[in-house]
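This report describes selected features of one protein chain. The sequence and the structure are shown first.

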Amino acid sequence: MSKIIRVGSRESKLAVIQSEMVMQAIHAADPSIKTELVTMKTTGDKILDRTLDQVGGKGLFVKELDRALLAGEVDLTVHSMKDLPTQLNPALPVVAVSGRETPYDVLVLPEGCENWDQTKPVGCASARRAIQLKALYPGITVRSVRGNIQTRLKKLDSGEYGALVLAQAGLHRLGLDHRIHRVFTPEEIIPSACQGILAVQAWEGFDTTCLSKFHDADAWTCAQAERAFIRTLDGGCSSPVAAFARLTDCDTLTLTGLYVSEDRSCMRTETIVCPRADSVQCAVQLALRLKNGG
């Protein structure tokens with residue numbers, strides 16, 4: 001009898017595509033395993049008229065999926081890793097991560113537009129993007145925008161916004177690269193921690209053999225360093241802190257961190273190079289150094 005693995009996912013088009021990537025990897029590892037997609041709408045998907053920090057933070061995107069996993073209704077759940085809270089339920093560990101898709105933020109203009117109308121607000125979903133964007137373009141107005149990518153693009157194309165800032169990875173996975181007007185370098189806008197990485201959660205003790213063709217050790221190293229940085233600064237959805245790690249060779253990691261004071265009056269960034277084996281410890285030290293002023 002074939003084994004069936006039920007994969008829990010948010011119901012958005014992007015979330016389904018990302019979950020299907022995991023399911024395809026499972027089939028590649030063991031063709032005898034059948035997979036079943038179980039989609040659900042999370043609280044974070046339902047409440048779109050307020051910013052995340054007003055309604056409970058990033059945990060709202062995983063609450064229902066965690067409940068389904070704990071109840072045994074699904075066997076795995078798939079998330080954009082940047083949406084995971086920094087503190088996870090130890091009974092539901094991350095058991096695999098994907099290779100990293102392009103991690104950068106991009107500027108998107110209304111359909112058919114070649115020039116950015118800066119008299120209209122720019123739609124951003126995070127304080128991290130907003131504060132860095134304002135540093136690049138001091139005269140612009142930034143306004144919160146919520147919803148899945150298609151919803152945000154409809155608001156943009158209807159004239160509500162002059163531009164949006166979105167994650168390049170999501171647009172690429174949706175086949176919407178043609179909507180990208182420009183890509184921001186990490187020197188311009190430091191990406192969200194773990195942007196471009198998918199995370200698979202399961203209950204403790206789950207046999208991860210079926211994920212052997214999905215898990216990427218390099219992405220895991222970068223993700224652990226980035227999450228250690230933002231966890232040290234208690235960075236949530238309302239916080240503009242950011243971290244971006246790159247492996248410059250097999251044994252060396254480069255980490256750039258962003259710290260912004262609570263009153264938003266002070267913004268500091270710093271880049272360090274450290275041994276891969278010490279990356280989490282070095283990320284914590286960098287976070288504390290930036291917080292304490294150097």
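What follows covers a sheet, a helix, the nonpolar cores and some residues with positive phi, all taken from a predicted model.

**The open sheet**

An open sheet is formed by 5 strands in the order 2-1-3-10-4, and their pairing is mixed. Strand 2 (34–40) and strand 4 (94–97) are the edge strands, as each pairs on one side only. On average, neighbouring strands in this sheet are turned by 30° against each other, with direction ignored.

Within the sheet, strand 1 (residues 4–10) pairs with strand 3 (residues 76–80) in the parallel sense, over 2 bridges. Val7 has its bridge partner in strand 3, namely Leu76.

**Helix 4**

Helix 4 covers residues 63–70, and its buried residues include Glu64, Leu65 and Asp66. Ala68 and Leu69 of helix 4 are buried too. Residues three or four places apart in an α-helix point the same way, because there are 3.6 residues a turn. Just after helix 4 comes Gly72, with a positive phi of about 80°.

**Nonpolar cores**

The largest nonpolar core has 20 residues. Those that touch the most other members are Phe229, Leu233, Leu253, Leu255, Ala283 and Leu286. Two or more residues each come from helix 8 (217–232), strand 11 (242–249), strand 12, strand 13 and helix 9 (279–291).

What does Ala283 touch, leaving aside residues up to four places away in sequence? Its contacts are Ala225, Ala228, Phe229 and Leu255.

A second core, separate from this one, has 17 residues. Among them are Ile26, Ile33, Val200 and Phe206.

**Positive phi outside glycine**

Two residues other than glycine with a positive phi are listed here.

| Residue | Phi | Loop between |
|---|---|---|
| Cys194 | near 75° | strand 9 (180–183) and strand 10 (198–202) |
| Arg264 | near 65° | strand 12 (252–260) and strand 13 (267–275) |

Is Cys194 buried or exposed? Its relative accessibility is 1%, so Cys194 counts as buried, the cut-off being under 20%. Arg264 counts as partly exposed because its relative accessibility is 42%, a value that falls in between the 20% and 50% limits.

The loops of these two residues also link back to the elements above. The loop with Cys194 leads to strand 10 (198–202), a member of the open sheet. The loop with Arg264 lies between strand 12 and strand 13, and both of these strands give two or more residues to the largest core.

Terms used:
Residues are numbered from 1 along each chain as its sequence is written. This is a predicted model: local features need pLDDT of at least 70, side-chain atom pairs count only at pLDDT 80 or more; totals for chains, interfaces and linings use all residues. Side-chain values use heavy atoms; hydrogens and water are left out. Helices (H or I, at least four residues) and strands (E, at least two) are DSSP runs, numbered from the N terminus. Buried means under 20% relative accessible area, exposed over 50%, partly exposed in between (1.4 Å probe, protein chains only). Two strands pair if DSSP finds at least two bridges between them. Axes are lines fitted to C-alpha atoms, for helices over the stretch in contact, and angles run from 0 to 180 degrees between N-to-C directions. A nonpolar core is a set of buried Ala, Val, Leu, Ile, Met, Phe, Trp, Tyr and Cys residues joined through side-chain atoms within 4.5 Å. Contact means heavy atoms within 4.5 Å.
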